[in-house]
Amino acid sequence: MQQAGAPPHGSEWLYPPPDWHDSDGVIRVRTAPKTDYWRKTHENFIAHNGHFYYQPITGDFTARVQVQGDYAAQYDQAGLMIRLDDAHWLKCGVELLDGVQQASAVLTRDFSDWSVVALPDAPAALWFELRRIGYTLYVAYSLDGERYTLIRQGYFPADDPVQVGLMCCAPSGDGFSVTFSGYTLTQP
């Protein structure tokens, strides 16, 4: 199975953004303020209201997308997500932390676990890849969409189906604009 461009017909939003547009496979979103996915770790709070444009899928897959955003406020973020339920999910993408863009991955199995890699040159756009093989997830990023650097590998329940797609949030700011392009979802 290969689906390219924007998520296919039948995709739906979990917490739709206030404004979004799909034009020939390029999805532009304006996030709502105070949106996020986070669970318990650090300050023992739970946030589960970020924008997630997903489709259900069963089995192994590889999802890829190019992300370009007008990141302005602390924790502005956009990328890919896999979700089993409110307590089991992974989000990955660009996230602004202390004014620096980060390649970020949050793996949640009841408690969120955050990994970041600083991108000091603030690339205009970045590619992300999320792979599921059995009960293992792999997260990687790329500057050119060809050569990927692994930033996270972790356990994820092998239960099916899961939801996979595009994610964006603005936890502390007034919202920001993000563009998703080149989205693909493939299965072996």
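Author: A residue counts as buried under 20% relative accessible area, exposed over 50%, and partly exposed in between (1.4 Å probe, protein chains only). This is a predicted model, in which local features need pLDDT of at least 70 and side-chain atom pairs count only at pLDDT 80 or more, while totals for chains, interfaces and linings use all residues. Residues are numbered from 1 along each chain as its sequence is written, and side-chain values use heavy atoms, leaving out hydrogens and water.

Reader: Is Asp113 buried, exposed or partly exposed?

Author: Let's put the scale to use. The relative accessible area of Asp113 is 35%. Because that value falls between the two cut-offs, 20% and 50%, Asp113 is partly exposed.

Reader: Which residue forms a salt bridge with Asp113?

Author: A salt bridge is a side-chain nitrogen of Lys or Arg within 4 Å of a carboxyl oxygen of Asp or Glu. The partner of Asp113 sits in strand β15, and Asp113 itself in strand β12, so the pair ties together parts 39 residues apart in sequence. (Strands are DSSP runs of E, at least two residues, numbered from the N terminus.) With closest N and O atoms 3.2 Å apart, the partner is Arg152.

Reader: How many residues apart are Asp110 and Lys40?

Author: Their side chains meet in a salt bridge with an N to O distance of 2.9 Å. Asp110 is in the loop between β11 and β12, and Lys40 in the loop between β5 (37-39) and β6 (46-48), so this pair links distant parts of the chain. Along the sequence, the separation is 70 residues.

Reader: Which residue is linked with Lys40 and Asp110 in a network of salt bridges?

Author: The structure holds nine salt bridges. Two members of this network, Asp110 at 27% relative accessibility and Lys40 at 21%, count as partly exposed. The residue that joins them in the network is Arg39.

Reader: Which strands are at the edges of the open sheet?

Author: Two strands pair if DSSP finds at least two bridges between them. The open sheet has seven strands in the order β2-β7-β16-β9-β10-β11-β12, with antiparallel pairing. An edge strand pairs on one side only, and here the edges are β2 (12-14) and β12.

Reader: Which residue is the bridge partner of Leu80?

Author: Look at strand β9 (residues 77-85) beside strand β10 (residues 88-97). These two pair in the antiparallel sense over eight bridges. In β10, Leu80 has as its bridge partner Cys92.

Reader: How many disulfides does the structure hold?

Author: A disulfide needs a pair of cysteine sulfur atoms within 2.5 Å. The sulfur of Cys168 is 6.6 Å from the closest cysteine sulfur, in Cys169, which is too far for a bond. Both residues are buried, Cys168 at 0% relative accessibility and Cys169 also at 0%. The number of disulfides is zero.

Reader: Which residues make up the uncovered face of strand β4?

Author: Strand β4 (residues 26-30) has a covered face with Ile27 and Val29. Ile27 is the bridge partner of Asp22, and β4 pairs with strand β3 (residues 19-23) over five antiparallel bridges. The uncovered face of β4 holds Val26, Arg28 and Arg30.

Reader: What is the phi of Gly145 in the turn between β14 and β15?

Author: Strands β14 (residues 136-142) and β15 (residues 149-155) run antiparallel and are joined by six bridges. They form a hairpin with six residues between them. In its turn, Gly145 has a positive phi of about 80 degrees.

Reader: What is the phi of Asp98?

Author: Most residues other than glycine have a negative phi, and most peptide bonds are trans. Asp98 is found in the loop between β10 and β11 (100-109), and at 62% relative accessibility it counts as exposed. Its phi is positive, near 55 degrees.

Reader: Which two residues does a cis peptide bond join?

Author: The second residue of the pair lies in the loop between β15 and β16 (162-169). The omega of this bond is about -10 degrees. The two residues it joins are Asp160 and Pro161.

Conventions. Helices (H or I, at least four residues) and strands (E, at least two) are DSSP runs, numbered from the N terminus.
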